[in-house]
Amino acid sequence: MKNTLKVERAINNFTQDELAKKIGVSRQTINSIETNRYVPSTVLALKLSKLFNKPVNDFFNLEEKD
Amino acid sequence: MNMKPKIECKQKRGEKFLNFKLPNYFKKIGWFGFAIVFLTLFSTKFFEGDLEILKSILKKTSLVFLLVVVFSKEKVEDEMIERLRAQSYSFAFLGGVLYTLIQPIFNYITFLIFKPEKAVFEDLGDFQILWFMLTVYLMFFYYAKKNN
């Protein structure tokens, strides 16, 4: 699964640390999601969706192999 | 009779038990205690006399302190840490089973090659297995945390 979390974060002018604090995870978790090393749970994806005020599908996309 | 609330209550209790973690400061206590016990255990080599009971107590205490480290929360205990914990548990379990099965055979073969007169097939002790599993868990967990 690919994501454009980094872009959304830049649009909203958040640092990794700020975003992490807003959704209650570590900065390392945000970094892992951005670099596609970690796929977040539905709860976390919905928290991001609420924060960015966008549907989850706008920044999380399935790949061919998924 | 409505059984649903009872089942839910049991499930919640089970989840609470499985998700039990000590506060983050226990990690420091665990490492500190482990270091002291380890050094004491090492220093018993320089003393003479029957210290088997003391050694046995120290070994078990070192396992308890390692367990305290394992059960201590990270500074931010989020879902990724939970996933890393689950991976580390399964890695340690698999490693422990393989170690328990292979190590005695490896020991026996090594002795057969180098000191055949001392070659005796012996299973591993509980301390050795638990020590191995806990250290594998901690090594895997910190390695994965650093590289994730």
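I began with Lys16(B) in this predicted model and asked whether the residue is buried or exposed. I count it as exposed, because 9 other C-beta atoms lie within 10 Å of its own and the cut-off for that class is 12 or fewer. I then looked up where Lys16(B) sits in the chain, and found Lys16(B) in helix 1 of chain B, which covers residues 4-18.

Next I took a distance across chain B: between the C-alpha atoms of Lys16(B) and Val120(B) I note a separation of 46 Å, for two residues that stand 104 apart along the chain.

I turned to the packing of helix 3 (residues 52-70) against helix 5 (residues 126-147) in chain B, where I read an angle of about 25 degrees and a distance of 10 Å between the axes. I therefore enter helix 3 of chain B as roughly parallel to helix 5 of chain B, since angles under 35 degrees fall in that class. For the handedness, I record that helix 3 of chain B passes helix 5 of chain B in a left-handed crossing.

I listed the residues that make this contact: helix 3 of chain B brings Lys59(B), Leu63(B), Leu66(B), Leu67(B), Val69(B) and Val70(B), while helix 5 of chain B brings Phe127(B), Leu130(B), Trp131(B), Leu134(B), Tyr137(B) and Leu138(B). Sorting the residues of the contact between helix 3 and helix 5 of chain B by character, I get eleven nonpolar, one charged and no polar.

Last, I checked how chain B meets chain A, and I find ten residues of chain A and five residues of chain B in the contact. On the side of chain B that touches chain A, I note two nonpolar residues, two charged and one polar.

Definitions and conventions:
Residues numbered from 1 in each chain as written. Chains lettered and ligands numbered in written order. Predicted model: local features only at pLDDT ≥ 70, side-chain atom pairs only at ≥ 80, totals over all residues. Helix = DSSP H or I, 4+ residues; strand = E, 2+ residues; numbered from the N terminus. Buried ≥ 20, exposed ≤ 12 C-beta atoms within 10 Å, placed from the backbone. Contact = placed C-beta atoms within 7 Å. Nonpolar A, V, L, I, M, F, W, Y, C, P; charged D, E, K, R; others polar. Axes fitted to C-alpha atoms, helices over the stretch in contact; angles between N-to-C directions. Parallel < 35°, antiparallel > 145°, perpendicular 65-115°, else oblique. Left-handed = near helix turned anticlockwise from the far one by under 90°.
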